[in-house]
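Trainee: I should like to learn how to read the features of a protein model. May we work through one together?

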Amino acid sequence: MKLKSNIATSENGFIFNPATGDSFSGNGMAAKLLEAMKSGKTEDDIKQDILSRYEVSESQLNLDWDNWMLQLKEANLLEI
Amino acid sequence: MDAAAKRSKPARNLRMMPNKYANLCIAVTGLNANDNPGPGMAVIRSLKECFGDGLRIIGLSYESLEPGIYLRGWVNKTYQIPYPTEGTAALVERLTYINEQDKLDLIIPNFDSELFNFIKIAPQLQQMGIATYLPTHQQLALRDKVNLKNFGTKNGFYVPADHKLYTTDDIKKAADEFNFPMVIKGKFYDAYVVYTMDQALKAFHQLYAAWGIPVIAQQYIKGNEINIAALGDGNGNNIGLVAMRKLYITDKGKAWAGVTVKDDKLTQLANHFASATNWKGGYEMEIMSTVEGHLYILEINPRFPAWIYLTVAAGQNQPAALTKMALGEVIKPFTDYQAGKLFVRYSWDHIADIADFQQISAFGEL
């Protein structure tokens, strides 16, 4: 699942979709994830990075990741 | 960046204007900068940005309390002109007088209801040395609210279904077809979303009294409101277009804040309109973008919108381009604009003297 290429993001987690005018505020973790996704890192790379930096189980991370993807999809921010 | 490179860049505020635009005098209507603003002040702001302080602006007003009359830093002089219902002879007579006082180079009308007359007298204005850049009567009629559905069907646009309302009996027929909510619209201006028959009747009577018949009932379409400001060259092309998503909408349905957006589907829509009509002049498309991804045309206004200055902020000074084209210059189409430019409208208590009000009320000029 790739973030749409035209989506603008800022370091503090603000997201702007220039095609629709929709804007969203994300927390610090969202900002990090968006930055990683925009840089072209794969899902596995991002997850490995999180597992190495934070105290979180793989199963919990997978649940959170699915939830994150769902939010991005509902916000119309992912490539179809 | 080294010093040499810095010096090689032109100063941002330096204006290099050809002489032919040095002493322009442009007349503008739509000075009613109220909660349902006319586009006049935004057009003037756009023109000033391009042509500088040497530009002389003549305001053309209908009523004595149009705010632009009193904004002397923007409008050099204002003349009242006759209402459109007084006909073209009265308008020509008044404009002849105004042209004798202030030699006009161009008139930019900004009200839907006055356009028919201005288009009709455009040849006479040209003889007087006054340029215009307007659609034809035929183009004007194509996008009229009364004809919009047929126009859309013929040209492959999504347009909400509508009913023309001549009597209160017609409202029931419309409600049976559309259910509630539906939209009741005036012939020229104003629209109400109604949820009950009582509200529909009230809206019908108000709009009938204000703008005459037919009043229009339109199917309610749910989605995001997007407007497009554009400038057609009369040959099937757009010289520029900028799309704006409404972020804050007043109870009159007007954008009080909005942000520029960029989507190929919106560009294609406006280009399709320009090619289908050969539209000449400024126009605004009011669009509802549905969750299914359809772009419904709710209205097409035959002039620049009140938010036209946002196009300047986004990189397309459409009023300035119109001016240059009206004066004979060949303009290269704008190819891009900046998405994410935001406008937030505000109100301001401007102070004037009662003597100014007396002057414009009694003598029709200030």
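Mentor: Let us begin with two helices of chain B in this predicted model. The axes of helix 2 (residues 40-51) and helix 11 (residues 318-326) of chain B come within 8 Å and cross at roughly 70°.

Trainee: How are helix 2 and helix 11 of chain B oriented to each other?

Mentor: Angles of 65 to 115 degrees count as roughly perpendicular. Helix 2 and helix 11 of chain B are therefore roughly perpendicular to each other.

Trainee: Which residues make the contact?

Mentor: Helix 2 of chain B contributes B:Val43, B:Ser46, B:Leu47, B:Cys50 and B:Phe51, while helix 11 of chain B contributes B:Pro319, B:Ala320 and B:Thr323. By class, six of the contact residues are nonpolar, two are polar and none is charged.

Trainee: What is the strand order in the open sheet of four strands in chain B?

Mentor: The order is 3-2-1-4, with parallel pairing. Strand 3 (77-80) and strand 4 (106-108) of chain B stand at the edges with a single partner strand each, so one side of each has no neighbour in the sheet. From one strand to the next, the twist averages 25°.

Trainee: Over how many bridges do strand 1 and strand 2 of chain B pair?

Mentor: Strand 1 (residues 25-28) and strand 2 (residues 56-61) of chain B pair in the parallel sense over four bridges. B:Ala27 stands opposite B:Ile58 in strand 2 of chain B.

Trainee: How many residues of chain B are in contact with chain A?

Mentor: Nine residues of chain B are in contact with six residues of chain A. On the chain B side, strand 10 (238-249) and strand 11 (255-261) each supply at least two residues. That side has four nonpolar, two polar and three charged residues.

Key: Residues numbered from 1 in each chain as written. Chains lettered and ligands numbered in written order. Predicted model: local features only at pLDDT ≥ 70, side-chain atom pairs only at ≥ 80, totals over all residues. Axes fitted to C-alpha atoms, helices over the stretch in contact; angles between N-to-C directions. Parallel < 35°, antiparallel > 145°, perpendicular 65-115°, else oblique. Contact = placed C-beta atoms within 7 Å. Nonpolar A, V, L, I, M, F, W, Y, C, P; charged D, E, K, R; others polar. Pairing = 2+ DSSP bridges.
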